[in-house]
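Biologist: I'd like to learn how to read helix contacts and backbone oddities in a model. Could you walk me through one?

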Amino acid sequence: MKVLAFAGTRADLFPLGPVLVALAADPSIELHIATAIGFPQGTAQDRLLEAGLRQGTFTHHELALYLAEPSPVLQAQYGARLSAAVADLLPEVVPDAVVVLGDRWELLYALPPVVISGIRLIHLHGGEVTEGALDERVRHAVTKLADQHCVSTAQAVRRVAQLGEAAERIHQTGAPGLDRFANPTPLTDEEFLAEFGVPLVQPLVMATYHPATAEMEQNAGELARQVFEEVISQAGTTILTYPGFDAGREHIIAVLKDIESSEIPGVVVRESLGPLYPRVMATVRALVGNSSSGILEAASFHVPVVNIGERQRGREAGANVLHCRDDRNEIRATIEKALSAQFRLLSSSVVNPYGNSHSAEPIKRVILGSPAEGLTKAFIDLPLES
């Protein structure tokens with residue numbers, strides 16, 4: 001069976017990674033992976049290896065479309081080029097199925113050639129809610145394009161069914177990105193110093209702040225600065241990471257570069273943590289910002305989370321997540337609560353609603369079984385209330 005997976009950025013590659021590894025290891029599958037948009041030229045192959053794939057177990061198709069600074073105009077222009085590139089790739093690979101994850105804007109362009117060509121589409125992480133982000137609309141649109149749905153939670157199953165999808169096409173598999181966190185090992189003080197060049201002083205707090213893309217906020221940098229400053233003020237050591245590839249990210253990056261140039265003791269700025277991420281998550285005392293990582297992954301580490309603003313509004317979350325507005329005083333108070341002994345104790349027993357770190361194999365079975373389902377989809381109406 002030929003399977004083509006598409007990854008637009010690291011944001012979807014690393015959650016998709018365990019599934020790709022499982023597919024590559026199966027001798028009955030010929031795995032192809034296409035990358036674009038979020039990977040500078042020549043870097044995607046290394047990122048695939050970082051995600052756990054082994055050289056020679058897959059065929060990589062680098063679509064040579066890198067968008068350094070997204071904006072609505074450039075996203076539309078690059079999106080059209082991406083659609084054309086995928087259309088050219090499909091007759092070259094002739095896949096039996098295409099696999100995508102999530103809700104990135106580039107899926108709106110990458111997937112129409114797949115659907116028009118009559119190729120089965122398997123979508124991971126449908127049925128979730130992020131009311132404050134453009135991703136919300138993209139995710140539900142992809143659900144209607146897809147033939148099979150591997151979703152992470154029981155609520156996601158219900159929402160995909162509400163969109164008219166048949167029960168036999170919906171599979172609750174959990175979140176595949178959690179498979180990378182089955183046995184996390186914290187960094188030692190010596191390892192932390194060697195990797196980041198600063199001593200580990202607890203509490204270690206990590207912060208990531210993305211633009212609130214649904215409202216297309218113009219003050220993303222200003223909002224991010226107050227988040228980073230409040231984290232730094234309460235942390236012993238701070239790790240700040242770059243935002244995703246959304247319009248407005250350049251304003252946040254400018255703030256991060258300003259903080260980095262200030263050489264504040266105990267503050268580390270990284271574009272990405274890559275394969276080191278699970279071990280850092282096992283070491284931190286709190287996660288702050290508006291990243292999906294705080295909602296999806298932190299509960300597996302029993303890490304307290306401060307989720308700020310509207311970007312993740314409506315998304316299911318564990319009891320380890322505290323929500324607050326983009327208000328400096330409220331952010332300060334919520335970080336203080338997250339770092340308290342009482343809340344850390346509560347978080348230590350949280351159960352992750354997104355699964356148990358064993359999702360890749362069930363997802364692989366869905367992909368292998370997808371040719372058995374026809375391409376004609378009936379719209380399943382919900383029962384009328386009496």
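Modeller: Gladly! Let's begin with the word "contact": two residues are in contact when they have heavy atoms within 4.5 Å of each other. Keep in mind that this is a predicted model.

Biologist: Then which residues of α9 meet which residues of α10?

Modeller: From α9 come Ala-220, Gly-221, Ala-224, Arg-225, Phe-228 and Ile-232, and they meet His-251, Ile-252, Val-255, Leu-256, Asp-258 and Ile-259 of α10. By class, this contact has eight nonpolar, two polar and two charged residues.

Biologist: How do the axes of α9 and α10 lie relative to each other?

Modeller: They come within 8 Å and cross at roughly 35°. The crossing is right-handed. Helix α10 covers residues 249-261.

Biologist: Let me zoom in on one residue of that contact. Is Ala-224 buried or exposed?

Modeller: A residue counts as buried under 20% relative accessible area. Ala-224, in helix α9, has 0% relative accessibility, so it is buried. Once neighbours within four places in sequence are set aside, Ala-224 touches Tyr-209 and Ile-252.

Biologist: What other helix does α9 cross, and at what angle?

Modeller: Helix α9, residues 220-234, also crosses α13, residues 328-338; their axes come within 10 Å, at roughly 35°. This crossing is right-handed too. On the α9 side the contact is made by Gln-226, Val-227, Glu-229, Glu-230, Val-231 and Gln-234, and on the α13 side by Arg-328, Ile-331, Arg-332, Ile-335 and Glu-336. These residues divide into four nonpolar, two polar and five charged.

Biologist: Why can a helix have a buried side at all?

Modeller: An α-helix has 3.6 residues a turn, so residues three or four places apart point the same way. Now for the case here. The buried residues of α15, which spans residues 360-369, are Ala-360, Ile-363, Lys-364, Val-366 and Ile-367. They lie on the same side of α15 because they cover an arc of only 160° around its axis.

Biologist: What covers those buried residues of α15?

Modeller: Their cover includes the helix α1 (10-24) and the strands β1 (2-7), β4 (97-101), β5 (120-124), β6 (148-151) and β7 (170-172).

Biologist: On to the cysteines. How many disulfides does a search of the whole structure find?

Modeller: Zero. A disulfide would need a pair of cysteine sulfur atoms within 2.5 Å. As for exposure, Cys-150 is buried, at 2% relative accessible area, and Cys-324 is buried as well, at 5%.

Biologist: And the backbone? Where is there a cis peptide bond?

Modeller: Look at the bond from Gln-202 to Pro-203, which is cis, with omega near 5°. Pro-203 sits in the loop between α8 (189-196) and β8 (204-208).

Biologist: Which residues have a positive phi although they are not glycines?

Modeller: Two examples are worth a look. Ala-64 has a phi of about 55°, and Glu-263 has one of about 50°. Ala-64 belongs to strand β3, residues 59-66, whereas Glu-263 is in the loop between α10 and β10 (267-270).

Biologist: How exposed are Ala-64 and Glu-263?

Modeller: Ala-64 is partly exposed, with a relative accessible area of 43%. Glu-263 has 68%, so it counts as exposed, the cut-off being over 50%.

Technical notes
Residues numbered from 1 in each chain as written. Predicted model: local features only at pLDDT ≥ 70, side-chain atom pairs only at ≥ 80, totals over all residues. Heavy atoms only, no water. Axes fitted to C-alpha atoms, helices over the stretch in contact; angles between N-to-C directions. Helix = DSSP H or I, 4+ residues; strand = E, 2+ residues; numbered from the N terminus. Left-handed = near helix turned anticlockwise from the far one by under 90°. Nonpolar A, V, L, I, M, F, W, Y, C, P; charged D, E, K, R; others polar. Buried < 20%, exposed > 50% of the residue type's maximum accessible area, 1.4 Å probe, protein only. Arc of directions from axis to C-beta.
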